[in-house]
Amino acid sequence: MDAVTYPDGKVISFINDNMIPLQVQFDIQPLSTDFNVKWTPTLITLDTEGKEHHRTVGFLAPEELIPSLLLGMGKSYLETDRFDKALTKLEKLLAEYPKSDSVPEAIYWRGVCRYKATDDPKPLKEAYEQLKAEHTSSEWTKRAYPYRLL
Amino acid sequence: MAENIKWETDIDGALKRARVENRVILLSFFNPD
């Protein structure tokens with residue numbers, strides 16, 4: 001990450017403009033134990049209280065890191081009930097990085113976010129239908145499978 | 001465009017900034033070897 005992805009100009013701008021970046025050695029305590037870090041690179045999205053909402057392990061190229069970070073931000077806002085902010089991040093991911101590996105999960109969580117914001121289950125079914133049509137073999141299509149019945 | 005990522009190096013400083021600036025934290029564990 002330090003050799004390829006973190007020096008990338010778009011990555012630098014995105015992280016500095018949108019997040020608080022914290023880099024620590026993998027074995028530093030108590031963080032290593034608290035977050036059960038066993039391999040590097042491990043990237044974790046934390047909310048303002050230090051709670052984890054998203055994690056990736058392994059190298060991510062610049063074109064995959066930014067959408068992964070948007071997904072992490074979206075999940076952080078979703079899981080703290082800030083649905084408008086979550087939707088903004090997920091929609092940005094889907095609009096600007098449509099080929100990213102993060103897209104199927106973003107479609108899934110966007111459906112969940114819309115459902116939680118409105119109590120209308122229709123977005124869950126729409127998420128499944130989009131996943132089935134565009135990402136047939138994704139694990140997120142399988143996870144959304146029950147929503148076909150809504 | 002910034003030249004480098006402005007990394008924090010301790011969790012307390014990162015949390016303080018996160019609350020003040022209302023931003024999420026990217027916690028990156030690395031292996032220096």
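**Exercise 1. Locate Pro30(A) and Pro41(A) in chain A and describe the peptide bonds that precede them.**

Pro30(A) lies in the loop that connects strand S1 (19-25) to helix H2 (31-34) of chain A, where helices (H or I, at least four residues) and strands (E, at least two) are DSSP runs numbered from the N terminus. The model is a predicted one, in which local features need pLDDT of at least 70 and side-chain atom pairs count only at pLDDT 80 or more, while totals for chains, interfaces and linings use all residues. Residues are numbered from 1 along each chain as its sequence is written, chains are lettered from A and ligands numbered from 1 in the order in which they are written, and side-chain values use heavy atoms, with hydrogens and water left out.

The bond between Gln29(A) and Pro30(A) is cis, with omega at about 5°. Pro41(A) sits in the loop between H2 and strand S2 (42-46) of chain A, and the peptide bond that leads to Pro41(A) from Thr40(A) is cis, with omega near -5°. The loop between H2 and S2 of chain A also holds Asn36(A), whose phi is near 50°, a positive value in a residue other than glycine. As background, most residues other than glycine have a negative phi, and most peptide bonds are trans.

**Exercise 2. Determine how H3(A) and H4(A) are arranged, and which residues join them.**

Begin with the geometry: helix H3 (residues 62-78) and helix H4 (residues 83-96) of chain A pack at an angle of about 160°, and their axes are 7 Å apart. Axes here are lines fitted to C-alpha atoms, for helices over the stretch in contact, and angles run from 0 to 180 degrees between N-to-C directions. H3(A) is therefore roughly antiparallel to H4(A), a label for angles over 145 degrees.

Next take the handedness, which is left-handed for the crossing of H3(A) with H4(A); this means that the near helix is turned anticlockwise from the far one by less than a right angle, whereas a clockwise turn would be right-handed.

Finally, read off the contact, meaning heavy atoms within 4.5 Å: H3(A) contributes residues including Pro67(A), Leu70(A) and Tyr77(A), and H4(A) residues including Phe83(A), Lys89(A) and Leu93(A). By class, this contact of H3(A) with H4(A) comprises 10 nonpolar, one polar and three charged residues; Ala, Val, Leu, Ile, Met, Phe, Trp, Tyr, Cys and Pro count as nonpolar, Asp, Glu, Lys and Arg as charged, and the others, Gly among them, as polar.

**Exercise 3. Describe the packing of H4(A) with H5(A), then that of H5(A) with H6(A).**

H4(A) and H5(A) pack at an angle of about 155° with their axes 10 Å apart, and are therefore roughly antiparallel to each other. Their crossing is left-handed, and the contact residues divide into 12 nonpolar, no polar and four charged.

Helix H5 (residues 103-118) and helix H6 (residues 122-134) of chain A pack at about 165°, with axes 8 Å apart, which makes H5(A) roughly antiparallel to H6(A). The crossing of H5(A) and H6(A) is right-handed, and the residues in contact include Ile107(A) and Tyr115(A) of H5(A) and Leu124(A) and Leu131(A) of H6(A).

**Exercise 4. Characterise the interface of chain A and chain B.**

The contact draws 39 residues from chain A and 28 residues from chain B. About 3300 Å² is buried between the two chains, 64% of it on carbon and sulfur atoms, buried area being the accessible area (1.4 Å probe) that two parts lose on being put together, summed over both. One salt bridge is found across this interface, a term for a side-chain nitrogen of Lys or Arg within 4 Å of a carboxyl oxygen of Asp or Glu. Arg19(B) and Glu49(A) form a salt bridge through their side chains, at 3.5 Å from N to O.

Key. Angles under 35 degrees count as roughly parallel, over 145 as roughly antiparallel, 65 to 115 as roughly perpendicular and the rest as oblique.
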